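Colleague: I would like to go through the charged pairs here. Please give the cut-off behind each label.

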Amino acid sequence: MNEAEATGLRIDRLLVYLRFARTRSIARDMIEGRSLRLNRKHVQRVSEIVCIVDVQTLMIGIELRVAVVTSLLVRRASPALARTCYRDLSKTPTP
């Protein structure tokens with residue numbers, strides 16, 4: 001278990017590390033614009049802590065994304081590695 005998994009991670013950093021936001025200022029704007037929920041509650045502060053198994057619901061443009069955090073990163077990673085750290089529940093199965 002790494003340090004981030006033991007204590008959790010700030011929501012603004014997590015959005016950047018998982019590539020939901022390009023920068024922390026964009027993540028802050030998402031939070032202040034009330035387009036992000038954590039475990040069904042609107043995120044009020046950029047410093048809220050996210051832990052493993054927390055559920056994020058966020059609007060990215062016109063797309064609604066629901067993701068369960070499965071592991072935490074300690075820095076921004078490649079898109080492929082970032083996708084392994086959450087399970088996307090918003091994808092609909094194709095017939």
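Modeller: A salt bridge needs a side-chain nitrogen of Lys or Arg within 4 Å of a carboxyl oxygen of Asp or Glu. This is a predicted model. A search of the whole structure finds five such pairs.

Colleague: Why is the contact of Arg10 and Asp12 called a salt bridge?

Modeller: The N to O distance between the two side chains is 3.1 Å. The cut-off is 4 Å, so Arg10 and Asp12 qualify.

Colleague: What makes Asp12 buried?

Modeller: Buried means under 20% relative accessible area. Asp12 has 3%, so Asp12 counts as buried.

Colleague: Why is Arg10 called partly exposed?

Modeller: Partly exposed runs between the 20% and 50% limits. Arg10 has 27%, so the label fits. Arg24 has 35%, so Arg24 is partly exposed as well.

Colleague: How do you know that Asp12 and Arg24 form a salt bridge?

Modeller: Their side chains meet at 3.2 Å, N to O. The limit is 4 Å, so the pair counts. Asp12 sits in helix α2 (residues 11-17) and Arg24 in helix α3 (residues 24-32), 12 residues apart.

Colleague: What ties strand β6 to strand β7?

Modeller: Arg65 and Asp88 do, in a salt bridge of 3.1 Å, N to O. Arg65 lies in β6 (residues 63-69) and Asp88 in β7 (residues 86-88), so the pair joins parts 23 residues apart in sequence. Both Arg65 and Asp88 are buried.

Colleague: Which residues do shared partners join into one network?

Modeller: Arg10, Asp12 and Arg24.

Note on methods
Residues are numbered from 1 along each chain as its sequence is written. This is a predicted model: local features need pLDDT of at least 70, side-chain atom pairs count only at pLDDT 80 or more; totals for chains, interfaces and linings use all residues. Side-chain values use heavy atoms; hydrogens and water are left out. Buried means under 20% relative accessible area, exposed over 50%, partly exposed in between (1.4 Å probe, protein chains only). Helices (H or I, at least four residues) and strands (E, at least two) are DSSP runs, numbered from the N terminus.
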